[in-house]
Every structure is written in structure tokens, then in C-alpha cells.
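Okay, thanks for coming, everyone. I have a handful of spots to walk you through, so let's get the picture up.

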Amino acid sequence: MDKRHENNEAFLRVNPFLRDVGIPDDLRDIIFSIAHAGKYVAHSIRNGSLGYAHSENPSGEDQLALDVVADKIFCEHLNSTCRVGTFASEEQEAEVKITCSDGQHYAVAFDPLDGSSLVSANFAIGTIFGIYAGDQFLGKKGREMVAAGYILYGPRTLLVVATEKGMWEFTENGIGEFVLSRENIVVEPDAKYFAPGNLRALAERSDYEKLFLHWAKTPLTLRYSGGMVPDIHMIISKGSGIFCYPGHSAYPNGKLRLLYECAPFAYLIEKAGGVAKDEFGVNILDKEIKTLHHRSSILIGSKNEVEQALSFLNKK
Ligand code: F6P
């Protein structure tokens, strides 16, 4: 059973808390700098321009002004920790090397503002990150991460982070501090909620159509916003559920990025007792990162539901 801390009853701030649970100083500095950057991004979401930046990201998608601002904020913060030797942003084509005097033993991959097109509807959006030891991403597997997490910008701003020591949720308390709000987070094997991404694939995939109709006829409840961060946070917060994004002709391997989106969430969900696989049953954390913008299909959440869903897909 997870433990919730209401009304700052615990008042455990992220930085001293991570020190007390034994996270090494350099890794803790990186997580803290990401949390710090998240506060500026939350401020920009509330007060900045919601318009287009008149530029495209490496995947050819139109960038919002907020995508560009969020990317800049995270780059600046990661640069100034002097703990990160390499970073890669979903908004940039290539990875960036940083030279600094301190030991730089980590590589950080991040999606600065996932689901940003939802911001004009005032829906929740988020930042996703994965931290690797060493100075590269290519050839690695998600299982080699030393920490992963996300920031959810919704009615409240939350930071959820997992390391080998555990998984915790921190809530921004209105005066710029992230305080512990949940620990011992568990995702149960059976799902109560389903979040079916890429429903346009139903037009060409009878296997996915069968799975969708199966879900629609079970007591499972549909909860889907179109933003990966809030949609997976729904599973993490309720302790059960499944999210999927299978491929179709426009994106045969699925649309979501292995390095920036799928692997960090797979790390978090496994830490909570769930699982993440691609639509052929390969564990997301065992997939080698072949390019920075490598895409993968994904089914993620409650273990039994992921297996059940897989039994529908890619069958004749
Ligand atoms: O990758 C960005 C993203 O917005 C995810 O947050 C979300 O799950 C997915 O794309 C939605 O994709 P689509 O717009 O194809 O439904």
C-alpha cells in the first residue's frame, strides 16, 4: 500500500530527502537541478506565450514557443550542475557535450515539454527524463538508467522520481519547494483503467480494434487525455491501469521515442511493480537505443493487463 503525505505533514524537501535515502551527491544534484528547472517551466506555462515558435523539432513537428523555452531552461540548468557530461533533448537533433571542472559521470536524456500541444486547452503536460551513468546513450538499454522521472504540470506541479533506492512523488508547495507527497508507490497487476493511444490505427488494424472493443466491454474505465505524462501518471496515481500506443502505417514502430519517453516511464513503472513492453512482447528496458530519436510501440502499466493486451496484438 502506498503512503501519502497530505498537507506537508512530512515536510520532507526533495534535496535533503534524497540525501537521507542515500542517493549519491552528484546524482542528487542533477535531480535537484531538474526539479529547479521545472519550477521555471511551470511559471512559463502559466504566464508565457502559448503561440508557435515558427520552427520545427527534429521530427518535423511545429514547435511552440513553450517547447523552445522549456528546452532552454533544462539545458541551462543541466549545464550549470557540472555533474552532467552529455545531454540529449527531444527538441534537438544531436546530443550535447559539456565540459566542466567537476567529475561528469552522467548522461541525461529529456523531453522538455511532452504533449505541449495540449497546453492551449489548459490540459496537463509534462517533462520526462532518464539519467544514465557514463557519457553516451547509443548502444545502451533503458535498464542501465540510474534514475528516471517526470514533472507533471497540472493543477499542481508534481515531481515523480525513481532510482535503485525507491520511487517517490514530491509536490511543489507554492513557495518553490518540492515536498514528499507519496512513497512506496505500487502499480497492481490488474488494471481498472485503460488509455488507448493512436486509435486512428483501428482503421487498418483489426487486432487493435478487437483489443479496443474488448476493453470497451469490460468494467475497465477509459481515462485518456492525449498526454503521455498525465495518462501514465493516472496509472501511477491510482495504482493500476494500462496505456498503449501501437504502430500503424504512418509510424510502423509506434510514434513515441524510446530514449525520451518509453524507457524512462518503463523504468518508473517497473519500480512500482508494473511492466512495459513493445507490441511484440519485448521488454522496453531491454531494447537497445539505436538512434537518439528511435521510436517504439508501447504497452505499459499493470502486469496482467499488459500480457492480456499482448495476446490480442499481431495475431492473424
Ligand atoms: O509524444 C507526444 C505525445 O503528445 C504524447 O504525450 C502522447 O501520448 C502522444 O503524443 C499522443 O499522440 P497522438 O497525437 O498521435 O494521439
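I'll go from the ligand to a helix pair, then to a threonine and two odd backbone angles. Keep in mind that this is a predicted model.

So, the ligand. Which residues surround it? Going along the chain, we have Asp114, Gly115, Arg200, Tyr224, Gly226, Gly227 and Met228, and then Phe243, Tyr245, Lys255, Leu256 and Glu261. Three of the side chains there deserve a closer look. Glu261 has a side-chain N or O atom 2.7 Å from an oxygen atom of the ligand. For Lys255, the corresponding distance to a ligand oxygen is 2.9 Å, and for Arg200 it's 3.0 Å.

Hang on to Met228 and Glu261, both part of that ligand surround, as they turn up again in the helix pair. How do H5 and H6 cross? Helix H5 covers residues 228–238 and helix H6 covers 258–271. Their axes come within 12 Å, with a crossing angle of roughly 10°. That angle is under 35 degrees, so we call the two helices roughly parallel. On the H5 side, the contact uses Met228, Val229, Ile232, Ile235 and Ile236. H6 brings Glu261, Cys262, Phe265 and Ile269. Sort those contact residues by type and you get 8 nonpolar, no polar and 1 charged. Glutamate counts as charged, so that one is Glu261.

Val229 from that helix contact also touches Thr127, which takes us to strand E7, residues 125–133. Is Thr127 buried or exposed? Its relative accessibility is 1%, so it's buried. And what does its side chain reach? There's the backbone oxygen of Pro112, at 2.6 Å, and there's a 2.7 Å polar contact with the side chain of Tyr153. Leaving out residues up to four places away in sequence, Thr127 also has Phe74, Asp111, Gly149, Tyr150 and Ile151 among the residues it touches.

Last bit: the odd angles. Most residues other than glycine have a negative phi. Here we have His54 with a positive phi of about 60°, and Cys82 with a positive phi of about 60° as well. Where do they sit? His54 is in strand E2, residues 52–56, while Cys82 is in the loop between helix H3 (65–81) and strand E4 (84–89). As for accessibility, His54 is at 77%, so it counts as exposed. Cys82 has a relative accessible area of 17%, which means it's buried.

That's my tour, so over to you.

Note on methods
Residues numbered from 1 in each chain as written. Predicted model: local features only at pLDDT ≥ 70, side-chain atom pairs only at ≥ 80, totals over all residues. Heavy atoms only, no water. Helix = DSSP H or I, 4+ residues; strand = E, 2+ residues; numbered from the N terminus. Buried < 20%, exposed > 50% of the residue type's maximum accessible area, 1.4 Å probe, protein only. Polar contact = N/O pair within 3.5 Å; in protein donor to acceptor, adjacent residues only side chain to side chain. Contact = heavy atoms within 4.5 Å. Axes fitted to C-alpha atoms, helices over the stretch in contact; angles between N-to-C directions. Parallel < 35°, antiparallel > 145°, perpendicular 65-115°, else oblique. Near = heavy atom within 4 Å.
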